[in-house]
Amino acid sequence: PGRLMSFSIRWLCFVGLLCTAVYCSSSSSASGSNSAASTTAGKRVYRVGGWLPGTADEITPKLKPLLENYLTTYFQTNLNSSAAFKFVPVDYSEESYANTMIEANKLDFLYTLAGRAVCVEAEFGWIPVATQRADVLGIQTGAQGSIVFSLKSNTKIRNVTDFKHASIGIGYLLSSNSYHFGYQLLSDNGVDLFIDVPKVVVYDNDYMAMLTDVVKEKLDAGVLPSTWMIQNAQDILNSELLVHNPTVHTYEGEDYPFPSSTALAPQYGVMASPDVPWDVKSQVADALTNLTQTDPAAIAASAATFTMPGHYADVEDALNALGMMVQPSLQSWTEGTVSPKCHSPFEDILDTIKCPKGYVLQDAETIAFKCRKNGQDCPTDRPCLCRPCQRDLKVKVFPAKVVLGLVMALFSLTLMLSVCWVVPIQTAPYAADLARRAQRFARPIMARFTRKHRPRTQSSSV
């Protein structure tokens, strides 16, 4: 029996070790498949997504020299590292949507605008690594403003409150500087973009098309990033356009050098996946902050250099106010989904609109009919909205408890009226008889009382 027990224990130990080895092997292979970077010929390749207004063919020559060539050369030359970087253009089409690529573990870093950075941080836990300082015609800035503009010759729009009678273009659904901040400016001046403005056209990051439509008087006004306007349309801006609510702003102790109608957001930033090792994130930040303004990669990206990550509080507030960032519901909490989720720029814009309290969102057919009825000339290839939020005039159906309470209140009121009005009328004869008897009973008593206490008269002597 002793030998049998010893054999059994050894056999169990052997089986346990074997199972442990198999488990560890499968775990390591699974973790390898979800690693933060792909491996090519023994070299770790980090994939860097990047977005700018335009198509993939327009984005790539501007960002690839910086996010692929420069970073790879810096790591191999200055850090003696075998790591490499590969640029991937994102968000120029629905197939290249960055969120989908992040969920599929196809991106490790992301170069994007401030509104997009806030969404990626909230939804996926990515962290900002560095913020770009833009080189705008030889002037450096770490911030980005917005210009709300119309033609100087358009006499019906002289200030922001006149936008209640204007058609307006917005640039990109996830852009604070071509949408969110402009919405806030109008709202602060009593103009709701989706209640008061007769026509809103969404240009899906085709900024030049919006500017052209305003200049050709197909559109009354627009909202665009100020640095983009300075870089691409400075002559038109100075000669033909009226900037509404121009304000001098300060960002992190530095005066913003360009006109801006709204608050400021950080310039483009680089975000990093939580799966990327911390030392790699730090090295990428060092590489970007060591970028010089004369480097060909910096010139291609219109970047002077990079700094520590900027502050995104104003951007997040604007996203929440507009409803672009959807907070988790109670059901989401119970299901384990606790992260906010931003709307996709490729969604139907009607799905991204949050009407104010007391207003309801109309369907697409009703909105299109309203545009035609009001004579609004909408482009056929772009989303066009004509006051999509309408006051809610539906009769509210009250719960059964409320109805029962109202019935009981009416019954109580009726009962009180009957007691206070009908009963006195019916008992009036009895009350009069009772009053006469009381008078007869009290009369002799009052007479005796009067005689007893009557004052005596004194005769005067002559």
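This briefing covers the overall make-up, salt bridges, charged surface patch, backbone angles and selected long-range approaches of one protein chain. The model is predicted. The protein chain has 462 residues, of which 42% count as buried. Its secondary structure comes to 14 helices and 22 strands.

**Overall make-up**

- The protein chain exposes about 25,900 Å², and carbon and sulfur atoms supply 58% of that area.
- Of the contacts between residues at least 6 apart in sequence, 73% join residues at least 24 apart.
- The structure holds six salt bridges, and three of the pairs, Asp108 with Arg47, Lys341 with Glu123 and Arg133 with Glu254, are described below.

**Salt bridges**

- Side chains of opposite charge can pair when their charged atoms come close.
- Asp108 and Arg47 form a salt bridge in which the closest N and O atoms are 3.0 Å apart.
- This pair links distant parts of the chain, 61 residues apart: Asp108 is in the loop between α3 (98-103) and β4 (109-112), and Arg47 is in strand β2 (residues 43-50).
- Asp108 and Arg47 are both buried.
- Lys341 pairs with Glu123 in a salt bridge, with 3.1 Å between the closest N and O atoms.
- Because Lys341 lies in strand β19 (residues 341-342) and Glu123 in helix α4 (residues 114-124), the pair ties together parts that are 218 residues apart in sequence.
- Lys341 has a relative accessible area of 47% and is therefore partly exposed.
- Glu123, its partner, has a relative accessible area of 13% and is therefore buried.
- Arg133 and Glu254 form a salt bridge whose closest N and O atoms are 3.2 Å apart.
- Arg133 sits in strand β5 (residues 127-136) and Glu254 in strand β14 (residues 254-255), so that distant parts of the chain, 121 residues apart, are linked.
- Arg133 counts as buried, because its relative accessibility is 17% and the cut-off for buried is under 20%.
- Glu254 is partly exposed, with a relative accessible area of 29%.

**Negative surface patch**

- Glu121, Asp314, Glu316 and Asp317 form a negative surface patch.
- Helix α10 (residues 313-322) gives the most to this patch, with three residues.
- Asp314, one of the patch residues, is found in helix α10.
- The relative accessibility of Asp314 is 43%, so Asp314 counts as partly exposed.

**Positive phi angles**

- Most residues other than glycine have a negative phi.
- Leu137 has a phi near 55 degrees, a positive value in a residue other than glycine.
- The place of Leu137 is the loop between β5 and β6 (139-141).
- Leu137 is exposed, because its relative accessible area is 53% and exposed means over 50%.
- Asp204 has a phi near 50 degrees, which is also positive in a residue other than glycine.
- Asp204 lies in the loop between β10 (199-202) and α6 (207-215).
- With a relative accessibility of 39%, Asp204 counts as partly exposed.

**Approaches between residues separated in sequence**

- Ala285 is part of helix α8 (residues 278-289).
- The relative accessibility of Ala285 is 16%, so this residue counts as buried.
- Ala285 and Val129 are 156 residues apart along the chain, while their C-alpha atoms are separated by 5.8 Å.
- Arg391 is in strand β22 (residues 389-391).
- Between Arg391 and Val360 the C-alpha to C-alpha distance is 6.2 Å, and the two are 31 residues apart in sequence.
- Leaving out residues up to four places away in sequence, Arg391 touches Gly358 and Tyr359.

Key:
Residues numbered from 1 in each chain as written. Predicted model: local features only at pLDDT ≥ 70, side-chain atom pairs only at ≥ 80, totals over all residues. Heavy atoms only, no water. Patch = residues over 30% accessible without salt bridge, like charges linked within 9 Å, V, L, I, M, F, W, Y side chains within 5 Å. Areas by Shrake-Rupley, 256 points an atom, 1.4 Å probe, with all protein chains shown as cover. Salt bridge = Lys/Arg side-chain N within 4 Å of Asp/Glu carboxyl O. Lys, Arg positive; Asp, Glu negative; His and termini not counted. Charge placed at Lys NZ, Arg CZ, Asp CG, Glu CD. Helix = DSSP H or I, 4+ residues; strand = E, 2+ residues; numbered from the N terminus. Buried < 20%, exposed > 50% of the residue type's maximum accessible area, 1.4 Å probe, protein only. Contact = heavy atoms within 4.5 Å.
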